[in-house]
Amino acid sequence: MHYADLPTLAHELVYLRPLSRADAPAWYGYLTMPHVLEHTSWDLRSIDELMLKFDAFESTDPASEVRLAIALCDSDKLVGTVGFHSVSPLHKTAEIAYDLAPGVWGRGIAPSVCAAVVKWGFSHLGAVRIQATALDSNTRSVRVLEKCGFQREGLLRNFRMVRNHPRDFWIYSCLDPHIGIDDT
Ligand SMILES: CC(C)(COP(=O)(O)OP(=O)(O)OC[C@H]1O[C@@H](n2cnc3c(N)ncnc32)[C@H](O)[C@@H]1OP(=O)(O)O)[C@@H](O)C(=O)NCCC(=O)NCCS
């Protein structure tokens, strides 16, 4: 789905733009690196498997997955993605997901992108709760969530199969600060 207003970032290296099918080779390139997928549930067998996800990204269904490209300002090259899956227009909830190419790790991009996209999720998707799940071993992602004000709610035991093994995930959430309990 394409939005008129995309989240605006306060980061000098990257900006957010719609993800296009032409980005798939760059995305697939780092998503299959062992140290990138190690703490995620990604398990891609081919680029065609990744291409199938673009059907959902291009859908106009309000419950479909939203994914944006994180691109370098100077070359427009894709160095990451961010978005929401498990979007529920009924409950006004969504789950954030993000990834970065290892070449740009440690530059403060992830917290900057996560904070901007969460704010946009509240203002443009109308979400009242944005949640995040991270493998219990994903210390980098947990730091990103905590820096963005997410609160840990607990450990989801055997929550997802990760490359054929049941794994525990932390669940975090962030609530729309503008909505009080009486407004929902
Ligand atoms: C998760 C991810 C987006 C974080 O990006 P990043 O650029 O590393 O983020 P940051 O630079 O803010 O670093 C995150 C924190 O991890 C810390 N960190 C760095 N290396 C670390 C390591 N080896 N072990 C533990 N923590 C580490 C950093 O110090 C930083 O914390 P700090 O700011 O308090 O110092 C990136 O690592 C990534 O794409 N990983 C693969 C995909 C993924 O895991 N996606 C999330 C799924 S839930």
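**View 1. S86 sits in strand β3 of this predicted model**. The strand that holds S86 covers residues 78–88. Take a look at the backbone here: S86 has a positive phi of about 50 degrees, even though S86 is not a glycine. For context, most residues other than glycine have a negative phi.

**View 2. N158 is a residue of strand β6 with a positive phi**. Strand β6 spans residues 151–162. N158 is not a glycine, yet its phi is positive, at about 50 degrees. Is N158 buried or exposed? N158 is exposed, because its relative accessible area is 53% and the cut-off for exposed is over 50%.

**View 3. Seven strands come together in an open sheet**. If you walk across the sheet, you meet the strands in the order β1-β2-β3-β4-β5-β7-β6, with mixed pairing. Which strands are at the edges? They are β1 (14–18) and β6, each of which pairs on one side only. From one strand to the next, the twist averages 30 degrees.

**View 4. Strands β1 and β2 run antiparallel**. Here you can follow the five bridges that join β1 to β2, the strand of residues 66–72. A handy pair to find is V14 and its bridge partner in β2, L72.

**View 5. Helix α5 packs on the sheet**. This helix, residues 139–147, touches four elements: β4 (93–100), β5 (129–135), β6 and β7 (165–175). Compare the directions of helix α5 and β7, and you will find about 15 degrees between them.

Conventions. Residues are numbered from 1 along each chain as its sequence is written. This is a predicted model: local features need pLDDT of at least 70, side-chain atom pairs count only at pLDDT 80 or more; totals for chains, interfaces and linings use all residues. Side-chain values use heavy atoms; hydrogens and water are left out. Helices (H or I, at least four residues) and strands (E, at least two) are DSSP runs, numbered from the N terminus. Buried means under 20% relative accessible area, exposed over 50%, partly exposed in between (1.4 Å probe, protein chains only). Two strands pair if DSSP finds at least two bridges between them. Axes are lines fitted to C-alpha atoms, for helices over the stretch in contact, and angles run from 0 to 180 degrees between N-to-C directions. Contact means heavy atoms within 4.5 Å.
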